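Student: Can we go through this one together? I'd like to pick it apart step by step.

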Amino acid sequence: VSRFEDVVMAPPDPILGVSEAFRADTSDMKLNLGVGAYRTEELQPYVLNVVKKAEYLMLERGENKEYLPIEGLDAFNKATAELLFGADNPAIQQGRVATVQSLSGTGSLRLAAAFIQRYFPDAKVLISSPTWGNHKNIFNDARVPWSEYRYYDPRTVGLDFEGMLEDVKAAQDGSFVLLHGCAHNPTGIDPTPEQWSKIADVIEEKNHIPFFDVAYQGFASGSLDEDASSVRTFVDRGLELFVAQSYSKNLGLYSERIGAINVVCSSPDAATRVKSQLKRIARPMYSNPPVHGARIVANVVGDPSLFDEWKQEMELMAGRIKNVRQRVFDNLSDKDKSGKDWSFILTQIGMFSYTGLNNAQSNNMTNKWHVYMTKDGRISLAGLSLAKCEYLAEAIIDSFY
Ligand code: PLP
């Protein structure tokens, strides 16, 4: 008899579990729209040309595999903060940003969560309803209490802006407010610049601390600056804030686990102290981060010609997703004779579309049509080809009605 008799079976992950079910399906028609990973029109994974070039450079230079410092690669930390805030941002120039390289978006969020638990034990984190499934796990495991603010309005398949402001206002002063910098996951619904401003007003009034999760910079609109404008609005107001960054999507470095946590502070002295504590938390968790992805990012951002090429490839990826989005909308509008307005699909941004399909309807998509997706009705348009849009529209209409 095992000592592990009391260990019960863990439920499958709601997102990664979808990929497991997809692999087990033998149908030719099957589509994996569960996981948020970019595919080519041939539905194959894509390694960016700039990544290959950066890796080639690394080989040529004969870079070694020595440990990085706890805070990661200097050149990466500098590049990543500048990409996010803009190189000429006063916060950077004044040395008020603590940046620590971490294990992609997830690891960076987790590190910040551990910091919050340690230094703000009475604070709560407010997260959007709905949000990326892993947010709740991250704060639960870090023992940081959280509650939800209204975000999605099922009636309009749009933003419940009034509800959001009310909930952020009603929260205890000095709460953390988790915000998706761009391309909200799972809904694809982002506030407008005017709405961001109002959100900042309320956050400032309430003395809350904004905590941005930026997993899609450059991938949403195709422009790095445009996708960072929400974060920069808050920094321009002089607020102290957290930003977790990921290069999984915009550089296609999913398995390299490269990202960072940035804490903008009101003084350089505070930034130095915060950074020292982030390092102190990282050391017993994983000692120091992996170097490969950090070097790729530093090489791409640090080389003007590679940087330009990256922007072009990003536009290409964002553009392909926009084309797929348009094609799905066209097919739905064409095939649906009920007169339902599907234009919310075009208003959404980023990799995902929130279809409004409920749990049972999502199950029909999978069981009858072999379309694998999360049960909340989210589909990854990045996993869809133009050629499959018509099939998908038929499946959605069949499942919807
Ligand atoms: N945050 C959001 C909102 C995401 O959608 C994702 C990935 O899907 C992540 C963070 C983190 O991803 P990673 O840990 O691969 O960087």
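Tutor: Sure, and keep in mind that this is a predicted model. One thing before we start: UniProt positions are given in the numbering used here, and annotations may be inferred rather than shown by experiment.

Student: Which residues does UniProt list for "domain: Aminotransferase class I/classII large"?

Tutor: That label comes from an unreviewed UniProt entry. In the model, the end C-alpha atoms of the span lie 14 Å apart, and the span is 47% helix and 15% strand. The record puts the domain at residues 30-396.

Student: Which helix gives the largest share of the shell around the ligand?

Tutor: The ligand has 13 residues around it, and Ser104, Gly105 and Thr106 are among the closest. Residues 104-119 form helix α5. With three residues, the largest share of the shell comes from α5.

Student: How many residues of α5 are buried?

Tutor: Here, buried takes 20 or more other C-beta atoms within 10 Å of a residue's own. Helix α5 has 16 residues and reaches 23 Å from first C-alpha to last, close to the expected 22 Å. It's mostly covered, and the buried count is 13 of 16.

Student: How many residues of the shell around the ligand are polar?

Tutor: Three residues of the shell are nonpolar and one is charged. The polar ones number nine.

Student: Which helix gives the most to the largest nonpolar core?

Tutor: That core has 114 residues, and Ala112, Phe211 and Val297 touch the most other members. The helix giving the most to this core, with eight residues, is α13.

Notes
Residues numbered from 1 in each chain as written. Predicted model: local features only at pLDDT ≥ 70, side-chain atom pairs only at ≥ 80, totals over all residues. Helix = DSSP H or I, 4+ residues; strand = E, 2+ residues; numbered from the N terminus. Expected span 1.5 Å × (residues − 1). Buried ≥ 20, exposed ≤ 12 C-beta atoms within 10 Å, placed from the backbone. Near = placed C-beta within 6 Å. Nonpolar A, V, L, I, M, F, W, Y, C, P; charged D, E, K, R; others polar. Core = buried A, V, L, I, M, F, W, Y, C linked by C-beta atoms within 7 Å.
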